[in-house]
Amino acid sequence: MIQFRNVTKRFGQFTAIDDLSIDIFEREFFALLGPSGCGKTTMMRMLAGFETPTEGVILLSGQDIDPIPPNKRAVNMMFQSYALFPHLSVWENIAFGLKRAKMPKQDLKERVEEMLRLTRLEQFAHRKPHQISGGQRQRVALARSLAKAPKLLLLDEPLGALDKKLRQDTQFELMDIQEKTGTTFVIVTHDQEEAMTVASRVAVMDHGRIVQADTPAKIYETPNSVYVADFIGDVNIIEGRATPNDGETYRIDWAEGQEPLTATSAHPFEKGQACHFAIRPEKVTISSERPADAANAVQGKVHDIAYLGNLSTYHVELANGTIMKAQSANTRRISRRSYTWEDPVWLSWTATAGVLLAD
Amino acid sequence: MNRLSWFNAVSLTLGFAFLYIPMVILIIFSFNESKLVTVWAGFSTKWYGELIRNQAFLDAAWVTLRVAVFSSTLATILGTMAAYVLVRGGRFLGRTLFSGMIYAPLVMPEVITGLSLLLLFIGVGLDRGVFTVVLAHTTFSMCYVSVVVSSRLITFDRSLEEAALDLGCSPAQAFRLVTLPIIAPAVISGWLLAFTLSLDDLVIASFTTGPSATTLPIKIFSAVRLGVSPEINALSTLMIALVTVGVITASLVTKRAMVRQKQEEQAAARAA
């Protein structure tokens with residue numbers, strides 16, 4: 001539905017978007033994820049029409065959107081600050097876009113009521129934006145941007161201003177609404193949890209480029225680079241040199257005097273090629289004895305314990321000083337915890353638990 | 001609350017005495033029975049009656065009012081446009097120069113503004129009268145309006161305008177339906193400022209007016225040169241009353257709006 005073709009955007013000397021090509025499909029919930037300044041907001045503003053690409057084209061349903069001004073695009077945006085019109089009531093805010101489109105009065109009324117129902121704002125219709133709470137304002141902004149039934153809805157950090165509990169509720173609400181309306185959503189966020197929760201596809205951005213665009217599960221389980229592995233969630237990264245064994249497994253020599261690790265990799269490595277082995281803490285098992293059948297096992301002692309209630313993250317210092325994190329569910333009460341500070345422990349994982357990444 | 005120390009009390013008294021004694025004296029003597037301004041001969045409102053019957057003063061008041069309304073309206077339109085372009089127009093060649101130049105009339109001596117306008121009007125052969133005074137007042141009060149409006153525009157959330165565009169407004173509609181209603185208080189106070197500036201201007205008006213259009217300040221000034229009459233005192237008292245009522249109303253209205261908005265926001269936060 002949307003195609004970015006070699007899009008570059010420069011602001012003076014600064015390159016915000018660097019030769020970027022990506023397709024976004026119909027009915028998709030697409031998230032642009034990245035640290036601030038990575039170009040995600042610029043991408044969104046180009047879709048809305050507030051910025052024009054320096055080079056390249058953006059196609060919406062096969063049509064170049066560059067010459068179309070923002071008010072003529074079948075694209076609506078929900079702003080980070082919500083940008084509700086303070087002098088208009090909730091009802092008038094939602095009706096604003098419909099009035100501009102010269103919708104007949106009766107249809108307009110029905111459409112606004114429908115939007116109010118969808119966002120559960122019926123009893124606030126005649127309040128002004130400053131008379132309602134932050135979460136309600138956010139829903140008004142959503143209702144207003146959905147009212148014109150755009151082909152594409154852009155959401156710029158829509159939940160940034162809400163507290164955590166409200167944010168989580170709203171995330172599910174957003175997904176519900178997206179399913180109900182069938183609109184293509186593109187959301188910009190720097191919160192990886194949010195992107196993973198709501199989106200059907202996530203694009204991780206860095207310095208104006210998309211590093212990886214894939215489903216949340218694939219982004220998490222098989223990141224294609226150290227950057228993505230590190231940006232999404234918690235990860236242990238071990239540097240080493242790969243050597244192919246027979247079949248799909250590789251031997252990784254990672255430290256002087258340490259047993260080499262074994263890992264599988266989908267893409268090939270040459271003998272002796274530098275690599276990064278990335279493994280998520282929850283895929284590392286902690287035990288006091290060396291497990292007999294583990295493909296990989298390293299010894300160390302507990303350096304620190306982060307107690308998160310449902311989970312504990314153990315920071316284990318290995319013989320060569322490397323800190324590795326292992327996470328386990330707290331199925332027992334804290335007083336009966338098996339390991340404590342300075343305890344010698346074994347960390348183990350299977351050959352397929354981690355991913356092998358090139359530099 | 002601490003009580004005022006004697007030093008603060010004296011400072012306060014001195015300061016306010018300095019500011020208001022002249023006006024108080026003027027108001028008292030406007031109710032003087034005697035024709036001699038400085039001799040008190042008992043209370044009377046007869047000079048107010050005289051004033052109403054004085055056609056020359058009424059004419060001058062009418063001219064002043066017309067000039068003030070027209071010039072402040074013109075100045076508000078032009079000043080708002082200028083402010084909008086200077087704040088929103090992005091970087092264009094000479095923007096800094098322009099924004100400097102629009103504020104220059106603020107510090108320009110009135111005599112010079114008046115003289116240059118007079119030369120211009122003579123140069124283009126414009127008959128001096130109400131019209132030229134309106135033009136002159138627009139010229140010098142427009143920069144005040146643009147200062148007031150641009151300070152509001154600087155704090156204006158730009159995404160509101162973008163939202164309006166996004167929802168299908170043309171840039172002109174976005175300005176009319178979103179920007180203007182929100183900055184309206186600043187535009188109105190700009191208008192009021194321009195109005196009062198025009199109301200009491202003597203210097204520029206006397207340079208640019210002709211025999212057909214005598215404004216109130218000019219009339220008062222020329223009347224006083226023949227000696228202060230109790231009528232003038234009465235007139236001035238009325239003007240003071242007008243300004244006082246205006247200022248008090250304006251501040252009460254803004255204060256109440258602010259208090260109400262605050263209460264409603266708190267109520268919304270509690271309800272959440």
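Helices and strands here are DSSP runs, numbered from the N terminus, with a strand needing at least two residues. The structure is a predicted model.

**Chain A, coloured by confidence**

Start with chain A and colour by pLDDT. The mean is 88, and 100% of the residues in chain A reach 70 or more. Select residues 90–100, helix α2 of chain A: confidence in chain A is highest there, at a mean of 94. Then select residues 164–181, helix α5 of chain A, where confidence is lowest, at a mean of 84.

**The first hairpin of the tour**

Select residues 2–11 and 14–24 of chain A. These are strands β1 and β2, which pair in the antiparallel sense over seven bridges. To find one of the paired positions, pick K9(A); its bridge partner in β2(A) is I17(A). The two strands form a hairpin with two residues between them. In the turn, select G12(A), which has a positive phi of about 60 degrees.

Stay on strand β2 of chain A and select D19(A), which is found in that strand. Phi of D19(A) is near 45 degrees, a positive value in a residue other than glycine. Is D19(A) buried or exposed? With 14 other C-beta atoms within 10 Å, D19(A) is partly exposed.

**A loop residue with positive phi**

Next, go to A149(A), in the loop between α4 and β7 (152–156) of chain A. A149(A) is not a glycine, and its phi is positive, near 45 degrees. Because 15 other C-beta atoms lie within 10 Å, A149(A) counts as partly exposed.

**Two domains of chain A**

Colour residues 2–230 of chain A as domain 1 and residues 234–357 as domain 2, following the domain assignment. The C-alpha centres of the two domains lie 39 Å apart. How many residues of each domain are in contact with the other? Six residues of domain 1 of chain A touch six residues of domain 2 of chain A. On the domain 1 side, three residues are nonpolar, two are polar and one is charged.

Now select V235(A), in the loop between α8 (226–231) and β11 (236–244) of chain A. Why does V235(A) count as buried? V235(A) is buried because it has 21 C-beta neighbours inside 10 Å, and the cut-off is 20 or more. Show its contacts beyond four places in sequence: A229(A), D230(A), A278(A) and R280(A). Then draw a distance from V235(A) to M324(A). These two are 89 residues apart along the chain, yet their C-alpha atoms are separated by 8.9 Å.

**Where chain A meets chain B**

Show both chains. The contact takes 22 residues from chain A and 21 residues from chain B. On chain A, select β6 (75–78), α2 and α4 (134–146); each supplies at least two residues of the side that touches chain B. Helix α2(A) gives the largest share, three residues. By class, this side of chain A has eleven nonpolar, ten polar and one charged residues.

**Chain B alone**

Hide chain A. Chain B has eleven helices and zero strands. Turn the C-alpha trace: along its principal axes, chain B spans about 70 × 65 × 35 Å. Its radius of gyration is 23 Å, whereas a compact globule of 272 residues would have one near 19 Å. Colour the chain by burial, and buried residues make up 30% of the 272. Finally, display contacts in chain B between residues at least 6 apart in sequence; 76% of them join residues at least 24 apart.

Definitions and conventions:
Residues are numbered from 1 along each chain as its sequence is written. Chains are lettered from A and ligands numbered from 1 in the order in which they are written. This is a predicted model: local features need pLDDT of at least 70, side-chain atom pairs count only at pLDDT 80 or more; totals for chains, interfaces and linings use all residues. pLDDT is the predictor's confidence in each residue, from 0 to 100. Helices (H or I, at least four residues) and strands (E, at least two) are DSSP runs, numbered from the N terminus. The radius of gyration is taken over C-alpha atoms; the globule rule is 2.2 Å times the number of residues to the power 0.38. A residue is buried if 20 or more other C-beta atoms lie within 10 Å of its own, exposed if 12 or fewer, and partly exposed in between; C-beta atoms are placed from the backbone. Two residues are in contact if their C-beta atoms, placed from the backbone, lie within 7 Å. Ala, Val, Leu, Ile, Met, Phe, Trp, Tyr, Cys and Pro count as nonpolar, Asp, Glu, Lys and Arg as charged, and the others, Gly among them, as polar. Two strands pair if DSSP finds at least two bridges between them. Domain bounds come from an automatic or database domain assignment.
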